[in-house]
Amino acid sequence: MRGVEGRIFEEFSPGYYGICTVGGMLSAGATHLAVTPLDVLKVNMQVNPIKYHGMASGLSVLWREQGPSSLWRGWSGKLFGYGIQGGCKFGLYEYFKKLYSDLLVDRNSSLVFFLSSASAQVFADVALCPFEAVKVRVQTQPSFAKGLVEGIPKLYRTEGLSGFYRGILPLWGRNLPFSMVMFSTFEHSVDLIYRQVLKRRKEECSRTQQLGVTCLAGYAAGAVGTVISNPADNIVASLYNRKAENVVQAVKDIGFVNMFRRSLPVRIMIVGPVITLQWFLYDTIKVLSGLPTSGGICSRLEEEANLSI
């Protein structure tokens, strides 16, 4: 591959995947940290829906009973946990997308997106799970711990290693569908915007226009993924807070309709802007490194394959 002026690393090189990992880590950690108050409200609405039955009233109850600092409870778990998860998710997604694109050259691009995002998310959630276990307890049980430093050893003493991974299956159940839908929606949205709206190739657009496309596609991806993953998100919160001992009991206690409805508005408010900002920061880091914005790799590979026939 020919070198490109201003580019630190070439695409698909080890350095390229390193930049993608760092970009994912910084973008995910920063954005999740910024919405910690909404996340605290969301988790409490899931665990105690009678007391925290609305966004405005829920925030008011938290502020009045536990003080303004309660809105930032669990910030360290958000910053470090989701930072590590984001690094694994974005970096491994880029790696698996290239791998599956080469292996499945005759397959539909959606299959490549689904397989790539699912493969990356499996590893990302294994990294996230211990942080998530502590974060949820810190946010909903004020007496448990103040943060990760106090919460990790306390959880290990009381529940052992299994306590950190109690929610790994429902976490996969929440994040795998979300990730698969989110990445696929993003990729197809990018393709749609360039083909049908701008009617130009990505390479013909300015960096500002490319980042604008990233934001539009990122918001669409976050909104669609939120609706798909909401039932599993409620189950995760129930299991971590001992409201239920297993998934079947959690589903029975929450109720089928409530799994989709409970905390959905606040999740949409959180996830839509968060995913949009994540993609924007992630692609900005790539652009500053001289790399192209995300989306369209499979299309370029298909074009190259057709030209070589």
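The legends below describe close-up views of a predicted model.

**View 1. Helix α2 crosses helix α5 in the predicted model.** Helix α2, which runs over residues 36–47, packs with helix α5, which runs over residues 109–140, and their axes lie 9 Å apart at an angle of about 80 degrees. Because angles from 65 to 115 degrees count as roughly perpendicular, α2 is described as roughly perpendicular to α5. On the side of α2, the residues that take part in the contact are D39, V40, V43, N44 and V47, and they meet K135, V136, Q139 and T140 of α5. Sorted by class, this contact of α2 with α5 brings together four nonpolar, three polar and two charged residues.

**View 2. The surroundings of S117, a residue of helix α5.** S117 has a relative accessibility of 0%, and therefore counts as buried, since the word is used for residues under 20%. Leaving aside residues up to four places away in sequence, S117 touches Y93, S179, M180 and F183. A further pair to look for in this view is S117 and M182, which are 65 residues apart along the chain, while their C-alpha atoms are separated by 8.7 Å. The side chain of S117 also reaches the backbone oxygen of F114, at 3.1 Å.

**View 3. T293 in the loop between helices α12 and α13.** The loop that holds T293 lies between α12, covering residues 264–288, and α13, covering residues 297–308. Although T293 is placed in a loop, T293 counts as buried because its relative accessibility is 4%, and the limit for that word is under 20%. The side chain of T293 makes a polar contact with the side chain of Q210, at 3.1 Å. Q210 is also one of the residues that T293 touches when residues up to four places away in sequence are not counted, and the others are Y194, K202, R207, L211, T214, D283, K286 and V287.

**View 4. The spans annotated as Solcar repeats in the UniProt record.** An unreviewed UniProt entry carries the annotation "repeat: Solcar" for residues 15–99, 108–192 and 209–288. Over residues 15–99 the chain is 81% helix and 0% strand, and the C-alpha atoms at the ends of this span are 16 Å apart. Residues 108–192 are 86% helix and 0% strand, and their end C-alpha atoms lie 16 Å apart.

Definitions and conventions. Residues are numbered from 1 along each chain as its sequence is written. This is a predicted model: local features need pLDDT of at least 70, side-chain atom pairs count only at pLDDT 80 or more; totals for chains, interfaces and linings use all residues. Side-chain values use heavy atoms; hydrogens and water are left out. Axes are lines fitted to C-alpha atoms, for helices over the stretch in contact, and angles run from 0 to 180 degrees between N-to-C directions. Helices (H or I, at least four residues) and strands (E, at least two) are DSSP runs, numbered from the N terminus. Angles under 35 degrees count as roughly parallel, over 145 as roughly antiparallel, 65 to 115 as roughly perpendicular and the rest as oblique. Contact means heavy atoms within 4.5 Å. Ala, Val, Leu, Ile, Met, Phe, Trp, Tyr, Cys and Pro count as nonpolar, Asp, Glu, Lys and Arg as charged, and the others, Gly among them, as polar. Buried means under 20% relative accessible area, exposed over 50%, partly exposed in between (1.4 Å probe, protein chains only). A polar contact is a pair of N or O atoms within 3.5 Å; within protein, one must be able to donate a hydrogen and the other to accept it, and residues adjacent in sequence count only if both atoms are side-chain atoms. UniProt positions are given in the numbering used here, feature names are shortened, and annotations may be inferred rather than shown by experiment.
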